[in-house]
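Let's take a walk through this one together, moving from side chains and rings to the nonpolar interior. Have the viewer open and follow along.

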Amino acid sequence: MERNSDLTAAVFSGFIDLASEKLGGKVLLANDDFFAEKENLIKPGRGVWIADKYTERGKWMDGWETRRKRVPGYDWCILKLGTTGVIEGVDIDTNNFLGNHPPYASIDAIYLEKDLPNDKLQEADWTEILPKSPLKQGSQNIFGIPNTNRWTHIRLNIYPDGGVARLKVYGTV
């Protein structure tokens with residue numbers, strides 16, 4: 001299969017979602033999840049919209065949403081894949097995030113023989129598998145991954161901040 005960033009979700013229909021909660025994927029760590037919990041990233045489906053639902057922090061959103069950046073930098077979230085695998089592509093889905101989606105994202109990956117404590121993960125030797133790429137609001141943002149290494153963890157980086165409904169990591173075990 002030729003890999004490029006112009007693929008549609010149908011291209012990955014024969015692959016499994018390596019980050020799926022059902023497969024044992026876990027969201028381990030994020031630098032911020034003030035508005036919406038990081039664990040929502042690996043829930044099934046595309047995320048839902050409930051018009052009149054609010055929390056003590058504002059509008060309830062079905063996804064991972066960070067606060068507006070007031071300092072230089074970007075937000076990130078680290079996930080442990082449900083199983084070690086080769087990543088063929090990703091879907092960074094910004095469904096229902098309209099105006100508060102991150103304009104850009106990148107993904108790093110790592111293969112670990114043994115789990116590291118969460119406070120050591122950010123310092124690990126990550127490999128960029130998706131360079132900083134533009135995201136569309138309220139859309140499935142599909143990207144092919146040209147790296148054929150096996151990975152156990154990924155780090156989703158969003159620039160500078162915002163909301164992502166779901167992250168699907170398509171690949172083979």
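Start at Tyr 54, where Lys 59 lies over the face of the ring, 5.6 Å from its centre. Keep in mind as you look that this is a predicted model. There is another arrangement of this sort at Tyr 159: the charged end of Lys 132 sits over that ring, at 4.6 Å from the centre.

Now for rings meeting rings. A pair of aromatic rings is described by the distance of the centres and the angle of the planes. Searching the whole structure turns up four aromatic pairs. One of them joins Phe 12 and Phe 15, with 6.2 Å from centre to centre and 55° between the planes, which makes the pair tilted. Are these two residues buried or exposed? Phe 12 is buried, at a relative accessible area of 1%, while Phe 15 is partly exposed, with 22%.

Phe 12 has another partner. Its ring centre is 5.3 Å from that of Tyr 170 and the planes are at 10°, so this pair is stacked. Where do the two partners sit in the chain? Phe 12 is in the segment before S1 and Tyr 170 is in strand S12 (residues 166-172), so the pair ties together parts that are 158 residues apart in sequence. Tyr 170 has a relative accessible area of 13%, so it counts as buried, the cut-off being under 20%. Put together, Phe 12, Phe 15 and Tyr 170 make one aromatic cluster.

Step along to strand S1, which covers residues 16-17 and holds Ile 16. With 37% relative accessibility, Ile 16 is partly exposed. Together with Leu 23 and Val 173, Ile 16 makes a nonpolar surface patch of about 260 Å².

Then go inside. How many residues does the largest nonpolar core have? The count is 27, and Ile 87 and Ile 92 are the ones with the most contacts inside it. Several strands feed this core: S6 (75-93), S7 (104-110), S8 (127-134), S10 (150-159) and S12 each supply at least two residues. Which strand gives the largest share? That is S6, with six residues. S12, then, contributes to this core and also carries Tyr 170 of the stacked pair.

Finally, look for a second core, separate from the big one and made of seven residues. Among them are Ile 78, Ile 110, Leu 121 and Ala 124.

How values were computed: Residues numbered from 1 in each chain as written. Predicted model: local features only at pLDDT ≥ 70, side-chain atom pairs only at ≥ 80, totals over all residues. Heavy atoms only, no water. Patch = residues over 30% accessible without salt bridge, like charges linked within 9 Å, V, L, I, M, F, W, Y side chains within 5 Å. Areas by Shrake-Rupley, 256 points an atom, 1.4 Å probe, with all protein chains shown as cover. Salt bridge = Lys/Arg side-chain N within 4 Å of Asp/Glu carboxyl O. Helix = DSSP H or I, 4+ residues; strand = E, 2+ residues; numbered from the N terminus. Buried < 20%, exposed > 50% of the residue type's maximum accessible area, 1.4 Å probe, protein only. Phe/Tyr/Trp six-rings, centres within 6.5 Å; stacked < 30°, edge-to-face > 60°. Lys NZ or Arg CZ within 6 Å of the ring centre and 35° of its normal. Core = buried A, V, L, I, M, F, W, Y, C linked by side-chain atoms within 4.5 Å.
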